[in-house]
Amino acid sequence: MATLRERKTYRAQVLRVLYEAVEGNRLLGITGAQLRSDLHVPEQDLAAACTYLAGEGLITVDWEPGNTPAMVTLTHEGIRHMEAEEEGNAQALPGAAGPA
C-alpha cells in the first residue's frame, strides 16, 4: 500500500501528465494504459489516484472491468487547477514578472 506522500505524488503526476498530453483541451484524453506507462505507477495506485481526482472534480474516468482506467480526461475545473499551478510556478521563478 502506498504511503500518503506517494499517493499525493501519484495524484500530482496524473494531473501533470494528463495536462501536458492534452495541452489543456478538455475534449482530449489519454488511456489508462498510457498513464501507467508514462508514470510507471502500480495499477492499484493509479486507480486510487484517478478515483480521488475524479471525486475532487478534476478529471473524469471511463472505467474498464477490474477497476482499471480506460480513458482519463481533465474537467474544466482540472484545467483551471493546472493553469493556476502553472501561473504560480512561473511567478515563483527568479526574474519572473509579478503582477503589475
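**Architecture of the predicted model**

The protein comprises four helices and three strands. The structure described here is a predicted model. Along the sequence, the elements succeed one another in the pattern α-β-α-α-β-β-α. Of the 100 residues of the protein, 32% are classed as buried. Among contacts with a separation of 6 or more, 49% are accounted for by residues 24 or more positions apart.

The three strands form an open sheet in the order 1-3-2, with antiparallel pairing. Strand 1 (29–31) and strand 2 (59–64) occupy the edges and have a single partner strand each, so one side of each lacks a neighbour in the sheet. From one strand to the next, the twist averages 20°. In general, the strands of a sheet pair through backbone hydrogen bonds, in either a parallel or an antiparallel arrangement.

Strand 3 (residues 68–74) runs antiparallel to strand 1, and three bridges join the two. Within this pairing, Gly29 has Thr73 of strand 3 as its bridge partner. Strand 2 is likewise antiparallel to strand 3, and this pair is held over six bridges. Thr73 of strand 3 is also the bridge partner of Thr60. Thr73 is thus a partner of Gly29 and of Thr60.

Two helices pack on the sheet. Helix 1 (residues 4–22) touches strand 1, strand 2 and strand 3, and its direction makes about 60° with that of strand 3. Helix 3 (residues 43–55) touches strand 2 and strand 3, and its direction makes about 135° with that of strand 2.

Strand 2 and strand 3 form a hairpin in which three residues lie between the strands. In the turn, Gly66 adopts a positive phi of about 90°. Asn67, in the loop between strand 2 and strand 3, also has a positive phi, of about 60°, although it is not a glycine. With a relative accessible area of 46%, Asn67 is partly exposed. A further positive value in a residue other than glycine occurs at His40, where phi is near 55°. His40 belongs to the loop between helix 2 and helix 3 and is exposed, its relative accessible area being 69%. Most residues other than glycine have a negative phi.

Helix 2 (residues 32–39) and helix 3 have axes that come within 11 Å and cross at roughly 115°. Helix 2 is therefore roughly perpendicular to helix 3. The crossing of helix 2 past helix 3 is right-handed. In this contact, Gly32, Leu35 and Arg36 of helix 2 meet Glu43, Leu46 and Cys50 of helix 3. The residues of the contact of helix 2 with helix 3 comprise three nonpolar, one polar and two charged.

The axes of helix 1 and helix 2 also come within 11 Å and cross at roughly 115°. Helix 1 and helix 2 are therefore roughly perpendicular to each other, and helix 1 passes helix 2 in a right-handed crossing. Gln13, Val14 and Val17 of helix 1 make this contact with Leu35, Asp38 and Leu39 of helix 2. Four nonpolar residues, one polar and one charged make up the contact of helix 1 with helix 2. Leu35 takes part in the contact of helix 2 with helix 3 and in that of helix 2 with helix 1.

Two further positions were examined individually. Thr75 is located in the loop between strand 3 and helix 4 (76–92). Its relative accessibility is 13%, below the 20% limit, so Thr75 counts as buried. Leaving aside residues up to four places away in sequence, Thr75 touches Arg26, Gly57, Leu58, Ile59 and Thr60. Of these, Thr60 is the residue bridged to Thr73 in strand 3. Glu6, by contrast, is placed in helix 1 and counts as partly exposed, at 34% relative accessibility. Glu6 and Asp45 are separated by 39 residues in sequence, and their C-alpha atoms are 9.0 Å apart in space.

Technical notes. Residues numbered from 1 in each chain as written. Predicted model: local features only at pLDDT ≥ 70, side-chain atom pairs only at ≥ 80, totals over all residues. Heavy atoms only, no water. Pairing = 2+ DSSP bridges. Axes fitted to C-alpha atoms, helices over the stretch in contact; angles between N-to-C directions. Contact = heavy atoms within 4.5 Å. Parallel < 35°, antiparallel > 145°, perpendicular 65-115°, else oblique. Left-handed = near helix turned anticlockwise from the far one by under 90°. Nonpolar A, V, L, I, M, F, W, Y, C, P; charged D, E, K, R; others polar. Buried < 20%, exposed > 50% of the residue type's maximum accessible area, 1.4 Å probe, protein only.
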